[in-house]
Amino acid sequence: MVDSVSGDMVIAARNVTLTLGTGPSPTTILKGIDLDIARGTSVALLGASGSGKSSLMAVLSGLEQASGGSVMVTGLDFGTLDEDALARARRGRIGIVLQAFHLLPTMTARENVAVPMELAGMADAFARADAELESVGLGHRLNHYPSQLSGGEQQRVAIARALGPRPALVFADEPTGNLDAATGAAVMDLLFDRRAATGATLVVITHDPSLAARCDRVVTLGDGVIVSDTPS
């Protein structure tokens with residue numbers, strides 16, 4: 001799904017802050033982030049645990065509302081949307097791949113991929129799900145449940161689910177964190193291949209410099225601010 005954006009920017013964030021907690025000792029996690037991400041690029045958000053990279057992803061993907069600043073994503077002003085509106089905005093526009101897979105255990109691989117497309121109002125969701133699973137090498141596992149799949153296979157299902165609706169933007173948060181090195185490398189090869197095939201913008205959240213180096217650009221965070229922003 002393609003939305004109009006400001007110029008070629010899929011993300012335009014200005015002075016973004018995020019503060020959690022109330023009372024005398026709130027915790028400020030993001031401390032004035034400015035970030036533009038161009039359509040069709042791959043960007044790594046690199047940083048140690050606690051640097052703010054996953055919190056920034058949550059704000060940019062609409063999973064969390066910023067405390068201050070402005071966040072424009074795929075042409076929508078996320079700052080004006082409530083929680084329900086943000087959930088609707090994500091459908092079909094934003095795909096998310098998480099470390100822990102987050103597949104629904106009572107649904108087959110096919111259902112896990114098809115149902116989000118149905119919710120996004122896409123026709124032929126199950127046929128599209130079959131094609132997506134075939135594209136990630138799981139055409140023979142359509143009717144298997146997550147418990148019947150290896151970790152690498154579950155992450156492949158998660159990639160098919162994220163990219164099936166053809167979103168403009170895909171976030172991958174530590175996507176190899178629960179996988180061994182060889183399986184993780186194969187999954188990342190697949191993720192980059194599928195991103196290239198669909199034309200989506202990819203944002204990878206990682207603490208691994210070698211994984212970050214596979215992206216077009218590396219944005220390094222530390223203590224809630226951007227400390228460097230360079231081509232890889």
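**Helix packing and a few buried residues**

Helix 3 and helix 4 cross in a right-handed way. That is a handy place to start with this structure, which is a predicted model. The two helices pack at an angle of about 130 degrees, and their axes are 8 Å apart. That angle makes helix 3 oblique to helix 4. On the helix 3 side, the residues that meet helix 4 are A109, R110, E111, V113, A114, M117 and E118. Facing them from helix 4 are A125, F126, R128, A129, D130, E132 and L133. Sorted by type, the residues of this contact come out as eight nonpolar and six charged, with no polar ones.

Helix 3 has another partner in helix 5. Here the axes of helix 3 (residues 109-119) and helix 5 (residues 151-163) come within 8 Å and cross at roughly 20 degrees. Angles under 35 degrees count as roughly parallel, so helix 3 and helix 5 are roughly parallel to each other. Their crossing is right-handed. Helix 3 puts A109, N112, V113 and P116 into the contact, while helix 5 brings V157, A160 and R161. Five of the residues in this contact are nonpolar, one is polar and one is charged. A109 and V113 turn up in the contact with helix 5, and A109 and V113 also sit in the contact with helix 4.

Just ahead of helix 3 in the chain comes a loop, and T108 lies in it, between strand 6 (94-98) and helix 3. T108 has a relative accessible area of 7%, so it is buried. Setting aside its neighbours within four places in sequence, T108 is in contact with L142, N143, H144 and Y145.

Next up is helix 6, which covers residues 181-198. With 18 residues at 1.5 Å a residue, helix 6 should span 26 Å, and its end C-alpha atoms are indeed 26 Å apart, so the two values agree. Which residues of helix 6 are buried? They are G184, V187, M188, L190, L191, F192, R194 and R195. An α-helix has 3.6 residues a turn, so residues three or four places apart point the same way. The buried residues of helix 6 pack against quite a list of elements: strand 3 (42-46), helix 4 (125-135), helix 5, strand 7 (169-173), strand 8 (201-206) and helix 7 (209-212).

Strand 3, one of those partners, is home to L46. L46 has a relative accessible area of 14%, and under 20% means buried, so L46 is counted as buried. Leaving out residues up to four places away in sequence, L46 touches K53, T206, H207, D208, P209, A212, V218, V219, T220 and L221. How far apart are the C-alpha atoms of L46 and T108? They are separated by 33 Å, with the two positions 62 residues apart along the chain.

The last stop is G62, in the loop between helix 1 (53-60) and strand 4 (68-73). At 4% relative accessibility, G62 counts as buried too. Not counting residues up to four places away in sequence, G62 touches F78, L86 and R90. From C-alpha to C-alpha, G62 and S232 are 27 Å apart in space, and they are 170 residues apart in sequence.

Methods: Residues numbered from 1 in each chain as written. Predicted model: local features only at pLDDT ≥ 70, side-chain atom pairs only at ≥ 80, totals over all residues. Heavy atoms only, no water. Axes fitted to C-alpha atoms, helices over the stretch in contact; angles between N-to-C directions. Helix = DSSP H or I, 4+ residues; strand = E, 2+ residues; numbered from the N terminus. Parallel < 35°, antiparallel > 145°, perpendicular 65-115°, else oblique. Left-handed = near helix turned anticlockwise from the far one by under 90°. Contact = heavy atoms within 4.5 Å. Nonpolar A, V, L, I, M, F, W, Y, C, P; charged D, E, K, R; others polar. Expected span 1.5 Å × (residues − 1). Buried < 20%, exposed > 50% of the residue type's maximum accessible area, 1.4 Å probe, protein only.
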